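I opened this entry to keep track of what I looked up, chain by chain and then across the contact between chains.

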Amino acid sequence: MISITNVSKTFGVGAGRTLALDDVSLEVGRGEIFGVVGQSGAGKSTLIRTVNVLERPDSGTVAVDGRELTALSERDLRVARQGIGMVFQHFNLLSSRTVRGNVELALEVVGVDGSQRRSRAGEILELVGLGDKTDSYPAQLSGGQKQRVGIARSLATRPSVLLSDEATSALDPETTRSILELLRTLNRELGLTVLLITHEMDVVKSICDSAALIEGGRIAENGRLVDLIRAPGSRLARELFPLGAVPANATGTVVDITFSGGLADRPVIAQLSREHAIDVSILGATIETIAGNQAGRTRLELPGSAATNAAAIADLRAQGLLVEIVGDAA
Amino acid sequence: MNDTSDPKFWTDLVDVLLLGTGQTLYMVSVALLVTVVVGLPLGVLLVGTERGGLFASPFGSRTAGRVVNRLLDFVVNLGRSIPFIILMIAVIPFTRLVVGTFIGSTAAIVPLSLVAIPFFARMVEIALKEVDPGLTEAANSLGATRWQIVRKVLVPEALPSMLLGLATTVTSIINFSAMVGTVAGGGLGDVAFRYGYQRYSTIHIVAVIVIIFVIVQSLAAIATHFAKKFARTSSPEGRVGAAEKLELRAAADTA
């Protein structure tokens, strides 16, 4: 649905020149919720702005729904943008207009006439749960309500793609949850493809199907969450399972075992103790719901070096578990 | 001549003041209209042709944008630096070209507009720069044209600020309108000059001051009222705070 191909973008000139995006390629499938995570300054904002060409890349192409936006003229680009919604961290609502007026702006731009504007705005505001706030001004709303207006505005023209630029970063955890739920619902009911950028792993965990990690303008990792959690050494997976750092005073072999896709109910530890006569210590464990599925990661300490535990580890791997050796006494 | 016991003195005074007030209001309102019609787009262009602005690259050329920006900036600075009395004399040929004469209230509208346009354009520029760039970005993401962004986003959002700027502008137009009285432009300045200065009539001077004070204060009050009305700020406390800020600014502006 969204194809970003070899996109690069630099800002500034001379000594102040920074490479915001360095040969970035991403593919977002139709109906998918795709999260791009990274720290501030990593290039997330620039990346999402290249999708609707608010930021024109220096090189590379961006295509949405098979249409190459980077090749369009300004005029055609404006029309294409009407099919791509966008919501912002700071909502960016007009303070001079009511909630309804803000939503109608999107329709005025497209040229929808008065009565249709009114009914469409009412309809979409009902959908985002603001049916009773249509005549309020943004200043009278809470942060979560403002973001709902932002979402309603972005969806008024029935776009097939929604870009979310840190949409929940200015909200408290409770409100964040309700906004994410709304995005999930819209994604399911309208078949909306969502590309979101965030610095919060919780956002990725709770609604994304796929994710990418961006660092210094480059995509460090990228894939479906169900695959990422099974990928050895995945940093996104490590972020998804908050087990913390490996203890420095561990005397044996420390392994992280990831359970996913129906492997979560295996009596692994009991098996290890029984079949390999190993005294297993549990250093940490977490169970998360990732992309709608339960997955867990357990950190175990096995006495002795990795070499002495090789048979046990091989046995675990043979069961289809992801076993990563994160600390070795030897 | 200043015989206050003569009833004719008082009927004369009323006639003279009515005529002067009428002329002043005529000059000021037409000049104000011209100022808004020319100054508003000028202010929009001043901001728009800046680096990264809406009209940064007219016809795809950043050079053109830069040239327009520098030129407008220069014209505005020039207009604002010339003392009014000198400007008034300097533009006489232009006034004559537009109005046909350089004497009288209608002719005075030309220099009054010329002095107020750059002033108001700066006010518009400041007001537009206060608008959150995120709003322009949001409108862009909706596929809005530049014209739609100006009309539906920038101007409405900057309206409260621009109204206060307008109040300041009108005050300075009234101020300068008194000066054109000294060069046969008519108006209350003319009354003050001919009766107050040349005939030593304190009553005329006091009356003119009172009238001008009332005009300026009412216009400022109207502008502040609407500015407050259009400024939709957060929470009741925030609204009070913003209203106070607006009042302070209006007070500072008119001072």
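The notes below go from the whole chains to the sheets, the core and the contact.

**Overall make-up**

I worked from a predicted model. I began with chain A and listed 11 helices and 14 strands. Its C-alpha trace spans about 75 × 50 × 35 Å along the principal axes. Of the 330 residues in chain A, 43% are buried. I also looked up how far apart in sequence its contacts reach: of those with a separation of 6 or more, 68% are between residues 24 or more positions apart.

Chain B has 10 helices and zero strands. Read from the N terminus, its elements run α-α-α-α-α-α-α-α-α-α. The C-alpha trace of chain B spans about 75 × 50 × 25 Å along its principal axes. In this chain, 41% of the 255 residues count as buried. For chain B I noted that 68% of contacts between residues at least 6 apart in sequence join residues at least 24 apart.

**Domains of chain A**

Chain A is divided into domain 1 (2-228) and domain 2 (241-327). I found their C-alpha centres 38 Å apart. Five residues from domain 1 and four residues from domain 2 make the contact between these two domains of chain A. On the domain 1 side of that contact I counted three nonpolar, no polar and two charged residues.

**The six-stranded sheet**

I traced an open sheet in chain A with the strand order β6-β7-β8-β3-β9-β10 and mixed pairing. Its edge strands are β6 and β10 (218-224), each of which pairs on one side only. On average, neighbouring strands are turned by 15° against each other, direction ignored. Within the sheet I checked strand β3 (residues 33-37) and strand β8 (residues 193-198) of chain A, which run parallel and are joined by five bridges. A:Val36 has A:Ile197 in β8(A) as its bridge partner. Helix α5 (residues 143-155) of chain A packs on this sheet, where it touches β6 and β7 (161-165) of chain A. The direction of α5 makes about 165° with that of β6(A).

**Around strand β13**

Why is strand β13 (residues 293-302) of chain A largely enclosed by the rest of the structure? Seven of its 10 residues are buried, so the rest of the structure largely encloses the strand. The cut-off behind that step is 20 or more other C-beta atoms within 10 Å of a residue's own.

I then looked up the pairing of β13(A). Strand β11 (residues 253-260) of chain A runs antiparallel to β13(A), with eight bridges joining the two. Strand β12 (residues 281-290) of chain A is also antiparallel to β13(A), with nine bridges. I picked A:Arg297 as a reference point in β13(A): A:Thr258 stands opposite A:Arg297, and A:Thr286 has A:Arg297 as its bridge partner. Two residues lie between β12(A) and β13(A), which form a hairpin. In that turn A:Ala291 has a positive phi of about 50°.

**The nonpolar core**

The largest nonpolar core has 152 residues. Residues with the most contacts inside it include A:Val103, A:Ala152, A:Leu195, B:Leu112 and B:Ile173. Helix α7 (residues 146-180) of chain B gives the largest share of this core, 17 residues. Domain 1 (2-228) and domain 2 (241-327) of chain A each contribute at least three residues to the core. I followed A:Ala152 further: leaving out residues up to four places away in sequence, A:Ala152 touches A:Val103, A:Ile124, A:Leu125, A:Val128 and A:Leu130.

**The contact between the chains**

How many residues does the contact take from chain A and from chain B? It takes 19 residues from chain A and 20 residues from chain B. On the side of chain A, α2 (74-81), β6 (84-88) and α3 (99-110) each supply at least two residues. The largest share of that side, four residues, comes from α3(A). By class, the side of chain A has 10 nonpolar, six polar and three charged residues.

From chain B I looked up helix α6 (residues 133-141), where the buried residues include B:Leu135, B:Ala138 and B:Asn140. The buried residues of α6(B) pack against α2 and β6 of chain A together with α7 of chain B. After α6(B) comes B:Gly143, with a positive phi near 90°.

Notes. Residues numbered from 1 in each chain as written. Chains lettered and ligands numbered in written order. Predicted model: local features only at pLDDT ≥ 70, side-chain atom pairs only at ≥ 80, totals over all residues. Buried ≥ 20, exposed ≤ 12 C-beta atoms within 10 Å, placed from the backbone. Pairing = 2+ DSSP bridges. Contact = placed C-beta atoms within 7 Å. Nonpolar A, V, L, I, M, F, W, Y, C, P; charged D, E, K, R; others polar. Core = buried A, V, L, I, M, F, W, Y, C linked by C-beta atoms within 7 Å. Domains from an automatic or database assignment. Axes fitted to C-alpha atoms, helices over the stretch in contact; angles between N-to-C directions.
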